[in-house]
Amino acid sequence: MLDLFYLCYAVSPSPGGAVIIPGPLPAPGGVLGQDNATMEAFRVITSELLSLSAEQTKKKKPGAK
């Protein structure tokens with residue numbers, strides 16, 4: 001699922017944390033025409049990547065716990 005995610009999204013570092021840029025969808029059609037399980041997995045992966053990015057940003061700041 002991660003390989004498919006990285007084919008459909010670009011993840012770039014930025015000073016404020018990771019930026020996730022949507023790209024082509026995994027199957028023909030619009031967002032509502034995609035497989036629900038795949039789109040839910042993408043949502044979970046996006047959430048986890050943003051959480052990891054936020055934790056790493058906190059660790060880099062002086063005085064962070």
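The following exercises, each with a worked solution, concern a predicted model.

**Exercise 1. The two strands**

Task: Determine in which sense β1 and β2 pair, and over how many bridges.

Solution.
- Step 1. Locate the strands: β1 covers residues 9–12, and β2 covers residues 19–22.
- Step 2. Establish the sense of the pairing: β1 and β2 run antiparallel to each other, and four bridges link them.
- Step 3. Examine one bridge: A10 has I21 in β2 as its bridge partner.
- Step 4. Turn to the connection: six residues stand between β1 and β2, and the two strands form a hairpin. Within the turn, G17 has a positive phi of about 125 degrees.

**Exercise 2. A residue of the connecting loop**

Task: Decide whether G16 is buried or exposed.

Solution.
- Step 1. Place the residue: G16 belongs to the loop between β1 and β2.
- Step 2. Apply the cut-off: a residue counts as exposed when its relative accessible area is over 50%. The value for G16 is 70%, and therefore G16 is exposed.
- Step 3. Compare sequence and space: G16 and A54 are 38 residues apart along the chain, while their C-alpha atoms are separated by 8.2 Å.

**Exercise 3. A serine in helix α2**

Task: Decide whether S53 is buried or exposed, and state which residues S53 touches beyond four places in sequence.

Solution.
- Step 1. Place the residue: S53 is part of helix α2, which spans residues 36–60.
- Step 2. Apply the cut-off: buried means under 20% relative accessible area. With a value of 10%, S53 is therefore buried.
- Step 3. List the contacts: apart from residues up to four places away in sequence, S53 touches G17 and A18. G17 is the residue in the hairpin turn that has a positive phi.

**Exercise 4. The largest nonpolar core**

Task: Identify which residues make up the largest nonpolar core, and which element gives the largest share of this core.

Solution.
- Step 1. Name the members: the seven residues of the largest nonpolar core are F5, C8, Y9, I20, F42, I45 and L49.
- Step 2. Assign the contributions: α1 (2–8) and α2 are the elements that give two or more residues to this core. The largest share comes from α2, with three residues.
- Step 3. Follow one member: neighbours within four places in sequence aside, F42 is in contact with M1, L4, F5, C8, Y9 and P26.
- Step 4. Follow another member: Y9 lies in strand β1. Beyond four places in sequence, Y9 is in contact with I20, I21, P22, G23 and F42.
- Step 5. Consider a distance: Y9 and K60 are 51 residues apart along the chain, and their C-alpha atoms are separated by 26 Å.

**Exercise 5. The salt bridge**

Task: State how many salt bridges the whole structure contains, and explain why the two partners, E40 and R43, are separated by about one helical turn.

Solution.
- Step 1. Count: the search of the whole structure finds one salt bridge.
- Step 2. Identify the partners: E40 pairs with R43, and the closest N and O atoms are 2.8 Å apart.
- Step 3. Use the helix: E40 and R43 are about one helical turn apart because they are three residues apart in helix α2.
- Step 4. Assess the accessibility: E40 is partly exposed at 39% relative accessibility, and R43 is partly exposed at 48%.

**Exercise 6. The surface and a second loop**

Task: Identify which residues form a nonpolar patch on the surface, and which residues L25 contacts beyond four places in sequence.

Solution.
- Step 1. Name the patch: L2, Y6 and V11 form it, and their accessible area together is about 270 Å².
- Step 2. Examine one member: V11 is located in strand β1. Its relative accessibility is 33%, so V11 counts as partly exposed.
- Step 3. Move to the loop between β2 and α2, where L25 is found. L25 is partly exposed, as its relative accessible area is 30%.
- Step 4. List the contacts: leaving aside neighbours within four places in sequence, L25 contacts C8, G30, V31, Q34 and M39.
- Step 5. Add a distance: L25 and M39 are 14 residues apart in sequence, and 9.4 Å apart in space from C-alpha to C-alpha.

Key
Residues are numbered from 1 along each chain as its sequence is written. This is a predicted model: local features need pLDDT of at least 70, side-chain atom pairs count only at pLDDT 80 or more; totals for chains, interfaces and linings use all residues. Side-chain values use heavy atoms; hydrogens and water are left out. Patches are made of residues with over 30% relative accessible area and no salt bridge: like charges are joined within 9 Å, nonpolar side chains (Val, Leu, Ile, Met, Phe, Trp, Tyr) within 5 Å. Accessible areas come from the Shrake-Rupley method with a 1.4 Å probe; for residues, only the protein chains shown count as cover. A salt bridge is a side-chain nitrogen of Lys or Arg within 4 Å of a carboxyl oxygen of Asp or Glu. Buried means under 20% relative accessible area, exposed over 50%, partly exposed in between (1.4 Å probe, protein chains only). Two strands pair if DSSP finds at least two bridges between them. A nonpolar core is a set of buried Ala, Val, Leu, Ile, Met, Phe, Trp, Tyr and Cys residues joined through side-chain atoms within 4.5 Å. Contact means heavy atoms within 4.5 Å.
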